[in-house]
Amino acid sequence: MNDTSKEITDRMRELLLSHSGAERVLMGSRMFDAARDMVIASLPPGLSEIEIKGRLCERMYGKEVDVSGFVAHLRARSEI
């Protein structure tokens with residue numbers, strides 16, 4: 001569903017493209033950081049670092065990533 005008019009969509013695109021590539025990368029990084037912070041804030045307290053990273057991965061990437069494999073990798077690395 002898209003309830004944004006073509007005029008607004010075109011204007012937003014124009015505004016975004018008025019920034020340099022470096023500025024757009026920085027904007028995207030900041031948006032990702034904000035989304036990550038919101039996900040972490042929504043998690044229950046008391047989780048281990050690995051549990052936090054696993055849940056964050058699951059929420060941010062869903063089925064695009066093998067979350068159980070990622071968690072297994074984190075656990076293996078923590079034993080080194």
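## Helices H2, H3 and H4 at a glance

Leaving out neighbours within four places in sequence, Val67 is in contact with Gly54, Cys57, Glu58 and Gly62. Keep in mind that what you're looking at is a predicted model. Val67 is a good way into this structure: it is one of the residues through which H4 contacts H3, and it also belongs to the largest nonpolar core. Let's start with that helix pair and then work outwards.

**How H3 meets H4**

- Two packed helices are described by the angle between their axes and the distance between the axes.
- For helix H3 (residues 49-61) and helix H4 (residues 67-78), the angle is about 155° and the axes are 9 Å apart.
- That angle makes H3 roughly antiparallel to H4, because angles over 145 degrees are put in that class.
- The crossing of H3 and H4 is right-handed.
- On the H3 side, the contact is made by Ile50, Lys53, Gly54, Cys57 and Glu58, while H4 brings Val67, Phe70, Val71, Leu74, Arg75 and Ser78.
- Sort the residues in this contact by class and you get 6 nonpolar, 2 polar and 3 charged.

**The nonpolar core**

- In soluble globular proteins, nonpolar side chains tend to be buried together.
- Here, the largest nonpolar core has 5 residues, namely Ile50, Cys57, Val67, Val71 and Leu74.
- H3 and H4 are the elements that give two or more residues to this core.
- Which of them gives the most? That's H4, with 3 residues.

**How H2 meets H3**

- H3 has a second partner to look at: H2 packs with H3 at an angle of about 125°, and their axes are 10 Å apart.
- H2 and H3 are therefore oblique to each other.
- H2 passes H3 in a right-handed crossing.
- From H2, the residues making this contact are Phe32, Ala35, Arg36, Val39, Ile40 and Ser42, and from H3 they are Ile52, Leu56, Arg59, Met60 and Tyr61.
- By class, the contact of H2 with H3 comes out at 8 nonpolar, 1 polar and 2 charged residues.

**Phe70 and His73 on H4**

- Phe70 lies in helix H4 and, setting aside residues up to four places away in sequence, touches Lys53, Gly54 and Cys57.
- Is Phe70 buried, partly exposed or exposed? Phe70 counts as partly exposed because its relative accessibility is 28%, which falls between the 20% and 50% cut-offs.
- Phe70 and Thr9 are 61 residues apart in sequence, and their C-alpha atoms are 37 Å apart in space.
- His73 is found in H4 too, and at 43% relative accessibility it counts as partly exposed.
- How far is His73 from Ser5? They're 68 residues apart in sequence and 45 Å apart in space, C-alpha to C-alpha.

**Met31 on H2**

- Met31 sits in helix H2 (residues 21-42).
- Met31 has a relative accessible area of 57%, so it's exposed, since the cut-off for that is over 50%.
- To come back to where we started, Met31 and Val67 are 36 residues apart in sequence, and 22 Å separates their C-alpha atoms in space.

Key: Residues numbered from 1 in each chain as written. Predicted model: local features only at pLDDT ≥ 70, side-chain atom pairs only at ≥ 80, totals over all residues. Heavy atoms only, no water. Axes fitted to C-alpha atoms, helices over the stretch in contact; angles between N-to-C directions. Helix = DSSP H or I, 4+ residues; strand = E, 2+ residues; numbered from the N terminus. Parallel < 35°, antiparallel > 145°, perpendicular 65-115°, else oblique. Left-handed = near helix turned anticlockwise from the far one by under 90°. Contact = heavy atoms within 4.5 Å. Nonpolar A, V, L, I, M, F, W, Y, C, P; charged D, E, K, R; others polar. Core = buried A, V, L, I, M, F, W, Y, C linked by side-chain atoms within 4.5 Å. Buried < 20%, exposed > 50% of the residue type's maximum accessible area, 1.4 Å probe, protein only.
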